[in-house]
Amino acid sequence: MTEEMSRVERGRNSTKNNKRPSQPNPKKSGSKWKRILKYTFWTIVILIVVGGFVGAGLFAYYASSAPKVTNSALVGTSQTKFLDKDGDVFYSTGSKRETAKQNEIPKKMRMAVVSIEDRRFYKHHGVDPRRILGAAFANVTGSSLGLQGGSTLTQQLIKLTVFSTNSSDQTFKRKAQEAWLATKLEKQYSKNQILTLYMNKVYMGNGVYGMKTAAEYYFNKDISELTVPQMALLAGLPQSPSGYDPYSNPKGATSRRNDVLKAMANNDVISQSDATKYSQTSIKTGLTSDHDTVDSESEDAKVDDAYITSVRNKLSSLGYDLNKDGLVVQTNLDSDVQQRAYDVANTDDYVAWKDDLMQVGLTVTNPNNGQVMAQIGGRKQNGLQGSNRATNTNRSSGSTAKPLVDYGPAVENLSWSTNHSVDDSAYTYPGTNTPVYDADRSYLGKITMRKALAQSRNIPAIKTLQEVGYDNSSAFLKKLGIPINSDKLVASSAIGIDVSSEQEAAAFSAFGNGGEYYKPQYISKITDQSGAVKEFKNSGSTAMKSSTAFMLTNMMKSVITDSYAKIINTSDYAQAGKTGVTAYDDSLNMPDKSASDAWFTGFTKTAAISVWTGYDEPNEEGHSLASGEQQFTPLRVYKALMDYIMSGAGADGSDWDMPDTVKSSTVNGVKEYSVVGADTSSEKTINQAVRKSSSRSTPSRSSSSAQPSSSSEESTPSSEEPSSSSEESEESETTESSDDQTSSSEEPESSSTSEEPSESSESSQPSTDNGGGDNAQ
């Protein structure tokens, strides 16, 4: 019985053993994870090996295409040069450099540089793996006395000789080539030779290259005569020459110098006690303020100063360091035009300037490609690379805004004809009780859009903007490189916006070239020290229809024939443009009909020129532009320069051809234009002559007191007054008609100023003070 039970018991146990265990087998589970770890390990090993082969192959490939490093390049400077369109150098960074021989440089001076820049310089072979790892750690911890950079002094010399600091160039290829060239250089030159080359090449701030030149500039000493604190100051400058400038930032210079002293002590160049003692020395000790001017920027550089500033700003925006990259920059500067522009602005041979404080900002562009030919950022300048008034956007354009803000968008979006009827009658700014006036304080009634633009009437301009809409106007402006959002536009924007001569020259060019906008282009090509070339081509973009471009150009031709701008009219070449003057708020008690800003932007097929004149402090006594000749100054500047340009070989002075998107008709003796295919069934146009009425409505001057600010277009003295507009005869007035309606209205009788543009700014618009207009008399 017991035995049978034992067999039964064993059977039951056997059956139980055949069941899957409820818990995993620890032994088998451990084996599984071992296999996973094993596979992972070998996968990583294989990837490392394969990656190593690939990396080595890629490194070898990049190294094979590395630029050559010549001795002349190592000895030369890393100055950047600007070339004009003919390839002549007109500017270079930095000064005349004094190179030091190896035996001229004191050992402590050399070791100061090594201590702060590359402590293991005499131990590595061009590339220092320990330094790279240390740099990575230092970048995380923020330690190491400014030694975070992974590049050795040899690599830095290579950078200064054949590469640029442009962030877009910081690629694996560049790093590989830099490392390869550094190791190669170490086999060709001794350590002290490499260090000497570096110390002679490095940029030291204030236009100074090389530490020998820096010793003379900062301390008026030979490099062999420097004290230890002075050596430490110079050794620390290359990391950030402007940030550690002892003149402009003595606190930063002191901190950096003391870091160098600590590094020298840690490197056993000086004792810790000496480092502490020297750190108490004033940074100004021995610093000279009467050093000779070693900066190469001389009186000659003033001619091209604004252009140089614009090119430098462009290069900086591209990520280049002009003082270190040794670039050759091919620009679009026409040196002959630039010289003439400078002479016009800085002598009395062409223009009768009011005084030496009166300023100018002008830009000349090629309307066919956007290339900037010349630029003047001020006149009678004492310094260099200061405010560039040609690119500043803080002054009101006056009525030069009208083609851009009002009538251009009207033709583009509403397909208005050039003889579209606009209403110049009593009007207040939308939503206010503030009246809008022109300088002549009269109303012309129903007139053509052409006449409204040519004679720069304010009321039709503001009404046009209201009809066009701020969204359409903003979109039109943005396509012309003037980024003003619709919510920033107000009614007075119709007669003045803040803009620069650079922006206007480019924008008006689009009218003259058929509707293509080209961003102003200063640079055509950049060649870096490695020989790599970057070319800049301006393909342009469609800003408006060809019909809009032609019709606005044609109407702006009437500005020159039918307003006070006739003083620049000539039969030698076809031209178009727009005047603009900004008058003062009446509350400022400035002279009657005086102005703060005067503009003219005009163009031919060869050039577009935008000119602003005024004062930096326009509200000070004596800084206003009196009506008459002082407000004609931009026209005089434009003519003196355009006549010169158009006298050159290859200048195209021909008239603009009507595109097939436009049709013409003769209305009242004037050729008018309309858009082909446009629905003009309800468009009101002026198309016939009738008897003129003698009625007039002219507010008195005292009525302007209700208007806190005014900006008026010119009413010219009789000696300068243009002939009567060709749009009408003395004994006629115009009628307004449409396909389904004909009506007549009386036009006010002409006065001595009725042919002149006149405008006044919006007094109740707190968001702007830039009303537009021409107020010369």
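Begin with the aromatic side chains: a search of the whole structure, which is a predicted model, finds 15 aromatic pairs.

Select Phe 90 and Tyr 307 as the opening stop, where the ring centres lie 6.4 Å apart and the planes stand at 80°, so the pair is edge-to-face. Phe 90 belongs to strand β2 (residues 89–92) and Tyr 307 to helix α13 (residues 305–317), so this pair ties together parts of the chain that are 217 residues apart in sequence. Both Phe 90 and Tyr 307 are buried, and it may help to hide the surface while looking at them.

For a second geometry, move to Tyr 564 and Phe 632, whose ring centres are 5.4 Å apart with planes at 25°, so that the pair is stacked. Here too distant parts of the chain are linked, since Tyr 564 sits in the loop between α21 and β14 (576–583) while Phe 632 sits in helix α22 (residues 629–646), 68 residues apart. Tyr 564 and Phe 632 are both buried.

Now return to Phe 90 and extend the selection to Phe 82, Tyr 91, Tyr 307 and Tyr 522, because ring pairs link these five residues, Phe 90 included, into a cluster.

Next, select helix α21 (residues 546–562) and pick out Ser 558 within it. Is Ser 558 buried or exposed? With a relative accessible area of 8%, Ser 558 falls under the 20% limit and is therefore buried. Leaving aside residues up to four places away in sequence, Ser 558 touches Arg 450, Ala 454 and Ser 563.

The following stop is a helix pair: display α4 (residues 107–117) together with α11 (residues 250–266), whose axes come within 8 Å and cross at roughly 100°. The two helices, α4 and α11, are therefore roughly perpendicular to each other. To see how they meet, show the side chains of Lys 108, Ala 112, Ser 115, Ile 116 and Glu 117 in α4, and those of Arg 256, Asp 259, Val 260, Ala 263 and Met 264 in α11. By residue class, the contact of α4 with α11 comprises 5 nonpolar, 1 polar and 4 charged residues.

Finally, zoom out to the whole chain, which contains 22 helices and 21 strands. Of its 777 residues, 53% count as buried, and the accessible surface comes to about 33,800 Å², with 49% of that area belonging to carbon and sulfur atoms. Among contacts between residues at least 6 apart in sequence, 75% join residues at least 24 apart.

Terms used
Residues numbered from 1 in each chain as written. Predicted model: local features only at pLDDT ≥ 70, side-chain atom pairs only at ≥ 80, totals over all residues. Heavy atoms only, no water. Axes fitted to C-alpha atoms, helices over the stretch in contact; angles between N-to-C directions. Helix = DSSP H or I, 4+ residues; strand = E, 2+ residues; numbered from the N terminus. Parallel < 35°, antiparallel > 145°, perpendicular 65-115°, else oblique. Contact = heavy atoms within 4.5 Å. Nonpolar A, V, L, I, M, F, W, Y, C, P; charged D, E, K, R; others polar. Buried < 20%, exposed > 50% of the residue type's maximum accessible area, 1.4 Å probe, protein only. Areas by Shrake-Rupley, 256 points an atom, 1.4 Å probe, with all protein chains shown as cover. Phe/Tyr/Trp six-rings, centres within 6.5 Å; stacked < 30°, edge-to-face > 60°.
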